[in-house]
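Here is my note on the model you sent round. Please read it with the structure open.

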Amino acid sequence: MNKEINFVSNLTAWAMTEEANHYCSRSPNLTHDWDVIFILLNSLFSLVAIGGNATVLLIIYRVRALRSSSNILIASLAIADLEVGLVVYPVYIALTVTRKWFSAHFVYRLENFLWIQCLVTSTFTLCAISIDRLIAVTFAIRYKQIVIKKRCYRTILSIWITSLLFGCSSLFFEDKGKASVLWIVTLVLTFVIPFAVIIYCYFQIFKAVHERKENICRLSPMIAADMLKNRKAAWTVAIVVSIFFMTFFPNVVFSAIDVSTRDFCEKALVYRHWLWGILLAFSSSAWNPFVYAARIRVFRRELKRLFKLSQNFR
């Protein structure tokens, strides 16, 4: 008897859901005109991210002076940004063309994996770079003894392994309710906590810079030059972190709205607007190379040299 009651209850609930879905005119997919704009923007950001980050990696490989411990971490971030251009943006284009957003389709499940994996890689790497800058500013004399290349390689390897494990967690959650909770937990572990560490690092960095600013004239020219160099590098990383935070934060808002929304039609509307938040979130991968070029003189010089070489081959 209980089984029959449960069966009827489940059947009724399913029928009501199907009826709501049938009469709900809202779809999580964009309309045709917005599809075209969305695909064009994804294509543009993809090309810029591929070209810019491939150039950053080429410059670090070519210039021996740039193969420092801190730039190894920058190279890891550039690889993560290159992955966005090569894989993530094409997946978004495929989902838009096939209109399989927020479905059980394989490509959408791949997008879930890539979203978490890229988020973890980016935020954890930015966190590692910020800690590196903190050590460089506060322990300038002992910096090269503390931050060695072997430790950087181990840190990078652990970050990428962690990102893959976090990404795989999305493959085991098919229920949309549980998936929403997964996104919130992921945001806390991979966005809120890393950025709390980053904020702490930069609070200590700017505090140390302010305290030592008055004593810079008393230091030897070599130590003073290193201090100024580390301060400029810290500002460069701060700009990269700020761009990532500003482009990604709207997705935190959309996640909170999604969890608090129960109505199917309202969720569909949230998802449709969320697509633009997703596009914005990964756009930082296209902006970072411009920050390096604007802030790092060696990058600018080598970029000009590469441009001249390309001109000679024509």
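Which helix does I184 lie in? I184 lies in helix 7. Keep in mind throughout that this is a predicted model. My points follow.

1. The nonpolar patch. I184 belongs to a nonpolar surface patch of about 480 Å². Its other members are V185, V188, L189, V192, I193 and V259. Helix 7 spans residues 176-213 and gives the most to this patch, with six residues.

2. Helix 2 against helix 3. Helix 2 covers residues 32-62, and helix 3 covers residues 69-98. The two pack at an angle of about 155°. Their axes are 8 Å apart. Angles over 145 degrees count as roughly antiparallel, so helix 2 is roughly antiparallel to helix 3. The crossing of this pair is left-handed.

3. What lines that contact. The residues of the contact of helix 2 with helix 3 divide by class. Of these, 20 are nonpolar, seven are polar and two are charged.

4. Salt bridges. How many salt bridges does the structure hold? It holds four. One pairs D35 with R99, and the closest N and O atoms are 2.6 Å apart. This pair links distant parts of the chain, with the two positions 64 residues apart in numbering. D35 sits in helix 2. R99 sits in the loop between helix 3 and helix 4.

5. Helix 4 against helix 6. Helix 4 runs over residues 106-138, and helix 6 over residues 149-169. They pack at an angle of about 150°, with their axes 8 Å apart. Helix 4 and helix 6 are therefore roughly antiparallel to each other. The crossing of helix 4 and helix 6 is right-handed, whereas that of helix 2 and helix 3 is left-handed.

Methods. Residues are numbered from 1 along each chain as its sequence is written. This is a predicted model: local features need pLDDT of at least 70, side-chain atom pairs count only at pLDDT 80 or more; totals for chains, interfaces and linings use all residues. Side-chain values use heavy atoms; hydrogens and water are left out. Axes are lines fitted to C-alpha atoms, for helices over the stretch in contact, and angles run from 0 to 180 degrees between N-to-C directions. Helices (H or I, at least four residues) and strands (E, at least two) are DSSP runs, numbered from the N terminus. Angles under 35 degrees count as roughly parallel, over 145 as roughly antiparallel, 65 to 115 as roughly perpendicular and the rest as oblique. A crossing is left-handed if the near helix is turned anticlockwise from the far one by less than a right angle, and right-handed if clockwise. Ala, Val, Leu, Ile, Met, Phe, Trp, Tyr, Cys and Pro count as nonpolar, Asp, Glu, Lys and Arg as charged, and the others, Gly among them, as polar. Patches are made of residues with over 30% relative accessible area and no salt bridge: like charges are joined within 9 Å, nonpolar side chains (Val, Leu, Ile, Met, Phe, Trp, Tyr) within 5 Å. Accessible areas come from the Shrake-Rupley method with a 1.4 Å probe; for residues, only the protein chains shown count as cover. A salt bridge is a side-chain nitrogen of Lys or Arg within 4 Å of a carboxyl oxygen of Asp or Glu.
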